[in-house]
Amino acid sequence: MKPMAHLGVGIGWRPEIAGAVESLPGLDWVEVVAENICPGHLPESLERLLERGVRVVPHGVSLGIGGADRPDPAKLAALGERAVALGAPLVTEHIAFVRTSSVAPGPVLEAGHLLPVARTRDALDVLCENVRIAQDALPVPLALENIAALVSWPGEELTEGQFLTELVERTGVRLLIDVANLHTNRVNRGEDPVAVLDGIPLEALAYVHVAGGVERGGVWHDTHAHPVPRVVLDVLAELRSRVDPPGVLLERDDDFPAGAELAGELAAIRGVLGGPAGAVPSPPFPRSPGAARTRASNAGGAGTGSGPSGPDPASNPGEAGVEQARTRVGIGQAALLSALVAGMPVPEGFDRQRVRVQARALAAKRAGVLAKLAPELPGILGGEDAYREAFLGYARHRPMTAGYRRDALDFAEHLLVRDLPADPAARRRLTLWWRDRAGARPPGRAVRWARALVGRAA
């Protein structure tokens, strides 16, 4: 595997902090959410950074490469187009699924967030083929990120380290290791970050994410809206004691602080990275028992990909085997996502309480994204609290099926069907808002009455 380009220390570029990012001292590179930029109309701030020689890497969030379907060619083309427009050395995405598969019955449901794939042979076979498809379509190397999760799949067959190692061995894909997500999974799923770092091929490391979060009721929420805590920097130090990462990036997506605070967090990251690899004198966590045995098993053990004698035939199921795996994976993912966003029963084997926590988190994220996408709606509905109450009531049994923009229009139409809001002036404003964006007349009273009857009957 060729050495990864050196990136240095960077920050996630967001429109809300564009000015602060441009003024940060010693900034080496930035990462942008790929879906939020248009190659032909880059924000002026990004243009200025590029002119200064600051590297920009596109980071995708909607591909769903861990889903049961093959990657969408249009999404892959869009990701590649952004990489070319930015002159990026690579593109990144997530080991996650974000929607149900076409092999599952019913309409395609959107999670609006990254959900974990099961660490099973079926899921790994599907993921590996999807990664190969993506690699063939993209003009630059691909790196995949480990995600944070609230729920664990029952019946998992591989550890995180084994899963990531075999993924790399079978596809040659790079890894984007998020140390904040490793901490999140320690709290939420009892997984040891040290065991993961001991078990994965760090020579495949593309770069590292660092971010903040908060613990509530024994659950760690990976918010990207809080300062980076010491415990996450400790995981970064663990990684740094093993390897000199090609790049480290600070993520912040909400509740943006002043530029001076962002600069302070970057300085703290640089402080952890100082010195040669292996020079961190006292790793903050004990070495995981059997770490050497884990690496040896990952490298050449039965059923773990490639060893001294070459790839394990069991890790290459063939076309028919992958198609069968896609069906099984698709049905399982649809059952979980239906429980999370459509009020369906929790599948057998899942922690019901954790699924409920994840469902609330997805609904809150969905409400927050819509409020940013359509900031007029909270004002029309009487403020943030009234908006959230109305939206969460709407979303409880109405999963997203066509993206956030369609979701906003459907939410507005849902309110109009029920003659809400009660204030006539606010209802007129909502009608005008809906009409301006839907490009059609809002439903008339007879239609609203009929839909209301159908809704009550359902």
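The accessible surface of the protein chain comes to about 19600 Å², and carbon and sulfur atoms own 55% of that. Keep in mind that this is a predicted model. Of the chain's 458 residues, 54% count as buried. The fold is built from 17 helices and 14 strands. Take the contacts in the chain with a separation of 6 or more, and 76% of them turn out to join residues 24 or more positions apart.

**The second largest pocket**

- This pocket holds about 390 Å³ of space.
- Its lining counts 19 residues, and those nearest the centre are Leu 340, Ala 359, Arg 360, Ala 363 and Arg 396.
- Four elements each give two or more residues to that lining: strand 6 (110-115), helix 11 (318-341), helix 12 (352-373) and helix 14 (384-395).
- Helix 12 supplies the largest share of the lining, with 7 residues.
- By residue type, the lining splits into 12 nonpolar, 5 charged and 2 polar.

**Aromatic pairs**

- The structure has 7 aromatic pairs.
- Take Tyr 387 and Phe 391: their ring centres sit 6.1 Å apart with planes at 25 degrees, so this pair is stacked.
- Both of these residues belong to helix 14, where Tyr 387 and Phe 391 are 4 residues apart, or about one turn of the helix.
- Are they buried or exposed? Tyr 387 is buried at a relative accessible area of 0%, and Phe 391 is buried with a value of 0% too.
- Phe 391 also pairs with Phe 411, this time with centres 5.1 Å apart and planes at 80 degrees, so that pair is edge-to-face.
- Phe 391 is in helix 14 while Phe 411 is in helix 15 (residues 403-417), so the pair ties together parts that lie 20 residues apart in sequence.
- Phe 411 counts as buried as well, because its relative accessibility of 0% falls under the 20% cut-off.
- Step back and the ring pairs link up Tyr 387, Phe 391, Tyr 394 and Phe 411 into a cluster.
- Helix 14, home to Tyr 387 and Phe 391, is also one of the elements that give two or more residues to the lining of the second largest pocket.

**Positive phi outside glycine**

- His 224 has a phi near 55 degrees, a positive value in a residue other than glycine.
- Where is His 224? It sits in the loop between strand 11 (219-221) and helix 8 (230-240).
- His 224 has a relative accessible area of 10%, so this loop residue counts as buried.
- Asp 255 is another non-glycine residue with positive phi, here near 45 degrees.
- The loop that holds Asp 255 runs between strand 12 (247-250) and helix 9 (259-273).
- Asp 255 counts as exposed, because its relative accessibility of 53% is over the 50% cut-off.
- Put side by side, His 224 is buried, whereas Asp 255 is exposed.

Methods
Residues numbered from 1 in each chain as written. Predicted model: local features only at pLDDT ≥ 70, side-chain atom pairs only at ≥ 80, totals over all residues. Heavy atoms only, no water. Buried < 20%, exposed > 50% of the residue type's maximum accessible area, 1.4 Å probe, protein only. Contact = heavy atoms within 4.5 Å. Areas by Shrake-Rupley, 256 points an atom, 1.4 Å probe, with all protein chains shown as cover. 1 Å grid on protein atoms, 1.4 Å probe; cavity = no way out; pocket = protein on both sides within 12 Å on 5 of 7 lines; lining within 4 Å. Points joined across faces, edges and corners; volume = space filled by probe spheres on them. Nonpolar A, V, L, I, M, F, W, Y, C, P; charged D, E, K, R; others polar. Phe/Tyr/Trp six-rings, centres within 6.5 Å; stacked < 30°, edge-to-face > 60°.
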